[in-house]
Amino acid sequence: MAPTTQKMLGVPEVGKPWKLYTEWPVPTLGPNDLLVKIVSAALNPADWRIQENFMGVSILAKKWPFIGGLDGAGIVEEVGSAVTAFAKGDKVIAPGSFEQEHATFQEYNIVAAADAAKIPENISFDQAATLPVAVSTVASGIWAHEQGSRSVNFPAPWEEDGSTKFAGKAAFIVGGAGSVGQIAIQFARLGGFSPIITTASLHNTEYLKSLGATYIIDRNLPDATILAELQKLTEGKPIVYAFDAIGYEATQELAYAAVAPGGAVVTVNPAADVALKEKVQRDGSAKAVGVCFGDLRIPPHRKLGDELYGRLTEWLEKGLIVPNRVEVIPGGLLGIPEGCDRIKHNKVSGVKLVVHPQETE
Ligand SMILES: NC(=O)c1ccc[n+]([C@@H]2O[C@H](COP(=O)([O-])OP(=O)(O)OC[C@H]3O[C@@H](n4cnc5c(N)ncnc54)[C@H](OP(=O)(O)O)[C@@H]3O)[C@@H](O)[C@H]2O)c1
């Protein structure tokens with residue numbers, strides 16, 4: 001039986017520092033849910049941004065205290081009465097959300113069974129915890145087809161043409177070393193793109209090649225030099241797809257400039273589509289624009305979420321995708337503020353930061 005209270009790290013109100021709550025109620029599960037004992041929780045830029053209300057994003061918090069944590073992995077502790085696909089003791093990928101009960105900066109969270117996936121033997125809890133936000137984000141920008149989605153509508157690998165439509169076509173990922181960027185490289189590889197070119201700090205070169213990148217360009221070079229390098233590396237072949245995995249105005253611009261007329265440009269900045277579409281109208285380039293929103297529970301992503309989560313275990317088992325590399329921060333939940341600070345100040349490179357909530361003193 002799960003305890004009735006637990007440790008949780010939350011933000012009491014807008015702009016306040018993180019606080020450890022030691023008697024926070026363990027959420028109760030509904031018939032279609034799992035109660036998961038969180039072994040590993042991964043950190044995302046959204047955690048510090050909501051805590052600090054960076055650019056007003058704390059409106060994303062559904063309730064206060066805001067419990068952080070969009071990514072998790074753990075062990076099923078209790079199973080809802082209508083759930084048949086999971087049993088107590090299963091190791092699962094446990095996505096978080098901005099809702100208190102789903103958030104992963106606590107010892108137990110609630111996950112709808114439809115949103116969970118079993119962790120295969122070859123993947124650790126720490127690795128598994130890096131996946132939910134990154135896979136949801138990239139997939140939402142490229143593979144969502146339902147009404148209301150804002151993707152570029154590429155066929156997914158499980159659909160007809162999903163691995164052949166773009167075979168041999170050039171793709172460019174801006175910021176391949178980030179958590180999202182690492183998955184963007186791998187999803188481009190699954191889509192058959194070649195070459196796949198990315199920008200990163202050069203010490204990440206070998207790692208990003210192991211994920212499927214063909215060439216790495218130093219991200220510190222001026223944009224004009226990067227664009228000239230792209231021309232050389234593709235030998236003039238048009239770049240038909242660019243994915244901005246960073247979301248700054250400058251990185252969006254770079255992705256946009258790299259794509260040939262008629263190609264597709266996608267950014268992790270969910271607010272960028274209007275401006276980018278206006279730009280397409282102005283320059284008549286007929287580029288398709290997609291933006292990401294890494295929540296597969298919203299109606300335009302629901303079908304995609306079911307398809308993707310239904311395949312995740314097998315993809316991981318077969319090595320078709322690999323999770324991010326991880327660095328575990330000691331101190332359990334109390335390590336999170338330091339981790340958030342490092343993410344904020346760009347002091348994380350090529351790894352995802354992970355904590356172990358159960359190790360909180
Ligand atoms: N729309 C959504 O739903 C959604 C979901 C998740 C994330 N996001 C956004 O996506 C962005 C990335 O998130 P993340 O979790 O992947 O971040 P992350 O893992 O913390 O990203 C860190 C990496 O960013 C790279 N980087 C930083 N500035 C760069 C630049 N100018 N050009 C190329 N690479 C650069 C660094 O690469 P090097 O180490 O190689 O220098 C570093 O490894 C964030 O802005 C986040 O808010 C959006």
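A residue counts as near a molecule if one of its heavy atoms lies within 4 Å of it. In this predicted model, 25 residues surround the ligand in that sense. The chain itself is assigned two domains, with domain 1 made of residues 5-130 + 323-359 and domain 2 of residues 134-291.

**Ligand surroundings**

- Among the 25 residues around the ligand, the closest are Arg49, Ser201, Arg219, Gly294 and Ser349.
- Serine 201 places a polar side-chain atom 2.4 Å from an oxygen atom of the ligand.
- Serine 179 approaches through its backbone, where an N or O atom lies 2.8 Å from a ligand oxygen atom.
- Valine 180 also has a polar backbone atom facing the ligand, at 2.9 Å from one of its oxygen atoms.
- The ligand taken alone would expose 930 Å², and the protein buries 85% of that area.

**Domain arrangement**

- Domain 1 is given in two segments, 5-130 and 323-359, while domain 2 is the single segment 134-291.
- Between the C-alpha centres of the two domains the distance is 28 Å.
- Nine residues from domain 1 and nine residues from domain 2 take part in the contact.

**Contact between the domains**

- About 720 Å² is buried between domain 1 and domain 2, and carbon and sulfur atoms account for 31% of it.
- On the side of domain 1 that touches domain 2, the residues are two nonpolar, five polar and two charged.
- Six residue pairs are in polar contact between the two domains, counting pairs with both residues at pLDDT 80 or more.
- The number of salt bridges between domain 1 and domain 2 is zero.

How values were computed:
Residues are numbered from 1 along each chain as its sequence is written. This is a predicted model: local features need pLDDT of at least 70, side-chain atom pairs count only at pLDDT 80 or more; totals for chains, interfaces and linings use all residues. Side-chain values use heavy atoms; hydrogens and water are left out. Domain bounds come from an automatic or database domain assignment. Contact means heavy atoms within 4.5 Å. Buried area is the accessible area (1.4 Å probe) that two parts lose on being put together, summed over both. A salt bridge is a side-chain nitrogen of Lys or Arg within 4 Å of a carboxyl oxygen of Asp or Glu. A polar contact is a pair of N or O atoms within 3.5 Å; within protein, one must be able to donate a hydrogen and the other to accept it, and residues adjacent in sequence count only if both atoms are side-chain atoms. Ala, Val, Leu, Ile, Met, Phe, Trp, Tyr, Cys and Pro count as nonpolar, Asp, Glu, Lys and Arg as charged, and the others, Gly among them, as polar. Accessible areas come from the Shrake-Rupley method with a 1.4 Å probe; for residues, only the protein chains shown count as cover.
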